[in-house]
Amino acid sequence: MWKLLLKIFQTGILTEKRGRPLSQTHPPGFGKSLAIRHVDAGSCNGCELELWALENPYYALSSGGVKFVASPRHADLLLVTGPVTRAMKEALLRTRDAIPGPRRVLAVGDCACNGGIFRDSYAVHGGVDGVIPVDHHLPGCPPSPDELLEAIHHAFGSSPPSSE
Amino acid sequence: MDNRNPRQSLPGLCLIPREDGIPRALFPQETPEAYLAQARILESAGGRFLGLWGAGDPEPRICTAFLLREGLFVLVLPLPKETPSPTFPSLSGFIPAANRFERTVRDLFGFRPEGLEDTRPWIGHDLWAVPPLSLPPGSPVPENPGAGSSDYPFVRVTGPGVHEIPVGPVHAGIIEPGHFRFQVVGEKVLRLEELLGYTHKGVDGLFRNRDIAWGARLAARISGDSTVATSMAYAQAIEQALDFSPAAGVRALRALLLERERIANHLGDLGAIGNDAGLGFALSQFGCLKENLLRKNRQHFGARYLFDQVTPGGVRTSLDDEAIADLLEENGILLEEILALHKIYDDHGGLQDRFQNTGVLLPEVAHRLGLGGVVGRASAQAWDLRADHGGDPYRRFPPALALAHTGDVAARVLVRFLEIQESLSFSRALLEHLPEHSIAESIPDNSGPAEGLGIVEGFRGEVLAWVRLAPHGVIEAAHIQDPSALLWPALEIAVPGNLVADFPLINKSFNLSYSGNDL
């Protein structure tokens with residue numbers, strides 16, 4: 001046990017300071033924290049790797065008041081990755097509908113923005129816009145954690161979305 | 001088992017060793033009977049079934065891959081061209097793992113597996129009115145008006161107290177989509193059945209009529225965590241088709257990239273497994289180590305996850321002396337950290353209590369399923385292409401095989417720890433002896449049709465690629481096979497008997513790809 005504690009002590013705090021904390025940017029209608037429901041609508045898992053990276057101590061997403069939640073009922077932001085496969089369309093619609101307003105929709109990655117390399121396939125809808133209205137787009141294959149943080153803050157601090 | 005020469009018991013099937021990796025070849029079969037007989041011979045000779053896929057016009061066929069100690073054998077059964085829904089003999093009677101592959105071929109191409117009793121759709125979810133790949137490339141695929149109206153017929157367990165837990169396709173976290181159906185009594189899982197196909201993106205259809213470079217970009221996006229492995233398998237397949245052999249420097253850099261992908265994924269998995277067992281410390285520590293490695297990737301290769309680094313004919317980036325020195329330093333630091341964290345894992349009673357005897361996949365079951373990869377090796381299945389075959393550079397610095405015998409979560413954790421250490425010493429040897437830094441050559445043109453195979457040991461297990469080229473580098477058909485498709489059925493066997501609450505831990509210890517399975 002002491003080895004574990006020693007390791008924590010030796011590691012120290014690695015979180016990098018960047019940007020403004022959410023509490024200074026929160027728009028009316030949200031509290032001082034942001035809850036994100038992520039839906040993978042058929043991505044290759046590359047974007048998910050970077051979403052996972054946001055939770056590591058360098059980016060420490062949750063220390064800024066942002067967290068990924070299991071239930072769409074608890075969410076403010078719907079974050080979608082993948083080109084939206086035919087098989088995921090209904091699940092995406094149902095998840096969106098279960099999120100109470102005011103809500104935002106953020107499409108992450110080239111696939112979610114326009115279908116990416118899978119655009120011409122019979123099996124995809126060619127991006128989230130083809131299925132539900134999107135408030136913010138973040139292209140990239142995959143976008144870096146810094147770009148993701150920026151986009152999440154931007155989506156959170158923006159004026160009321162068009163989809164409301 | 002250790003006989004690497006072609007055996008007399010495999011009539012007509014002979015493999016020639018290759019400089020760039022595993023001996024591999026396609027063996028056309030003239031009749032369905034010959035195909036069936038040859039598959040039985042390969043299976044009874046100890047061959048592991050690695051996958052089965054189809055290809056449509058202009059040369060409709062079924063391809064079935066077996067891995068033996070000698071190398072990779074792919075049986076090709078040509079199908080009649082003018083018949084609308086040709087039949088092929090099902091292998092699922094003696095190779096249960098063929099079930100989902102044959103259902104996939106039926107869903108996508110409309111080829112009918114004769115003798116397969118399971119008539120349920122698989123990857124296709126009954127979404128289309130006609131099999132999408134039975135149509136010419138680019139033509140619109142009519143949707144099935146009745147799609148989604150009926151539930152997938154899961155096998156149900158009945159009896160007093162039995163209830164069902166449906167999970168997915170949207171899961172509680174940052175996870176790919178898929179559906180799990182648990183039949184449960186109290187806290188205990190009686191049966192688990194998976195329904196996958198939610199991430200089906202029509203990859204085999206997208207390959208058709210594209211050029212080699214576009215195909216390489218697609219091959220890199222089969223499963224984001226295995227981008228080096230799938231790119232490399234694809235590059236090998238193209239190179240075999242064009243009878244091209246990459247330079248020693250290219251082979252060494254590819255091997256290095258593959259190990260960096262393996263280490264990054266194993267680090268991520270070890271952290272996530274520890275976290276699922278309640279040790280948040282693990283997620284933080286391994287998360288940092290992984291992030292450090294990704295940043296080095298970005299610095300020296302220009303991409304955190306090494307997307308598009310391996311291209312047919314070469315690699316994208318070379319390393320100068322400064323970069324090599326930096327990566328050697330990183331290598332030493334990481335090894336020290338891993339040894340320290342391994343000790344902490346081993347000494348942590350609470351963690352070991354969750355790991356041991358959880359999600360047991362018995363060695364005899366793993367053997368019967370023909371498993372390889374981390375999951376197979378954790379259940380005593382001694383297969384690792386890097387250790388078994390050793391094309392260059394593996395022959396020069398042979399990595400040792402990591403093996404465990406208990407088949408539980410603890411074994412899968414142990415195999416990952418051992419593999420990281422082995423990967424680090426192999427990477428060190430590569431960096432210290434990197435041949436001349438030529439990174440890419442232009443691949444030759446082909447005047448006639450050409451066909452090739454590629455296979456590499458990805459971080460989960462064997463990743464396979466097949467391409468068929470029309471003249472002048474146009475892809476007629478291609479297929480990439482992630483090992484997940486073979487490993488998903490193993491998860492269905494490892495989970496029953498465990499608590500529902502242990503499912504996330506067991507699932508994480510397998511860490512299978514949905515996208516690589518659904519294609």
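Let's start with Ser484(B) and its surroundings: leaving aside neighbours within four places in sequence, Ser484(B) is in contact with Arg460(B), Leu512(B), Ser513(B) and Asn517(B). Keep in mind that you're looking at a predicted model. Ser484(B) sits in helix α14 of chain B. Is Ser484(B) buried or exposed? Its relative accessibility is 0%, so Ser484(B) counts as buried, since the cut-off for "buried" is under 20%.

Helix α14 is a handy doorway into the interior. The largest nonpolar core has 133 residues, and those with the most contacts inside it are Phe286(B) and Phe355(B). Helix α14, spanning residues 484-494 of chain B, gives this core its largest share, seven residues. Apart from that core lies another one, of 56 residues, with Phe118(A), Met232(B), Phe426(B) and Leu430(B) among them. If you're wondering about the general background, nonpolar side chains in soluble globular proteins tend to be buried together.

Now zoom in on Phe355(B). Which residues does Phe355(B) touch, not counting those up to four places away in sequence? They are Ile273(B), Gly274(B), Ala277(B), Tyr345(B), Asp408(B), Val409(B), Ala410(B), Val413(B) and Leu505(B).

Next, hop over to strand β3 of chain B, residues 61-68, where you'll find Ile62(B). With 0% relative accessibility, Ile62(B) counts as buried. Beyond its neighbours within four places in sequence, Ile62(B) is in contact with a string of residues including Tyr35(B), Leu52(B), Trp53(B), Leu75(B), Val76(B), Phe88(B), Val105(B) and Phe111(B). To get a feel for distances in chain B, try Ile62(B) and Asp346(B): they are 284 residues apart in sequence, and their C-alpha atoms are 47 Å apart in space.

Arg395(B) tells another story. You'll find Arg395(B) in the loop between α12 (385-388) and α13 (409-432) of chain B. Its relative accessibility is 54%, so Arg395(B) counts as exposed, the cut-off there being over 50%. Setting aside residues up to four places away in sequence, Arg395(B) touches His389(B) and Gly390(B). Take Gly21(B) as a partner for another distance check: Arg395(B) and Gly21(B) are 374 residues apart in sequence, yet 9.6 Å apart from C-alpha to C-alpha.

What about chain A? Chain A has five helices and five strands, and from the N terminus on they run α-β-α-β-β-α-β-α-β-α. Of the 164 residues in chain A, 58% are buried. Among the contacts in chain A with a separation of 6 or more, 83% come from residues 24 or more positions apart.

Finally, look at where the two chains meet. The contact takes 57 residues from chain B and 46 residues from chain A. Together the chains bury about 4,200 Å² between them, 67% of it on carbon and sulfur atoms. Six salt bridges are found across this interface. In one salt bridge, Lys7(A) pairs with Glu337(B), and the closest N and O atoms are 2.5 Å apart. There are also 20 residue pairs in polar contact across the interface of chain B and chain A. On the chain B side, α3 (203-207), α4 (212-219), α7 (280-301) and α8 (321-347) each supply at least two residues. Which helix gives the most to that side? That's α7(B), with 11 residues. Sorted by type, the residues on the side of chain B that touches chain A divide into 26 nonpolar, 15 polar and 16 charged.

Terms used. Residues are numbered from 1 along each chain as its sequence is written. Chains are lettered from A and ligands numbered from 1 in the order in which they are written. This is a predicted model: local features need pLDDT of at least 70, side-chain atom pairs count only at pLDDT 80 or more; totals for chains, interfaces and linings use all residues. Side-chain values use heavy atoms; hydrogens and water are left out. A nonpolar core is a set of buried Ala, Val, Leu, Ile, Met, Phe, Trp, Tyr and Cys residues joined through side-chain atoms within 4.5 Å. Buried means under 20% relative accessible area, exposed over 50%, partly exposed in between (1.4 Å probe, protein chains only). Helices (H or I, at least four residues) and strands (E, at least two) are DSSP runs, numbered from the N terminus. Contact means heavy atoms within 4.5 Å. Buried area is the accessible area (1.4 Å probe) that two parts lose on being put together, summed over both. A salt bridge is a side-chain nitrogen of Lys or Arg within 4 Å of a carboxyl oxygen of Asp or Glu. A polar contact is a pair of N or O atoms within 3.5 Å; within protein, one must be able to donate a hydrogen and the other to accept it, and residues adjacent in sequence count only if both atoms are side-chain atoms. Ala, Val, Leu, Ile, Met, Phe, Trp, Tyr, Cys and Pro count as nonpolar, Asp, Glu, Lys and Arg as charged, and the others, Gly among them, as polar.
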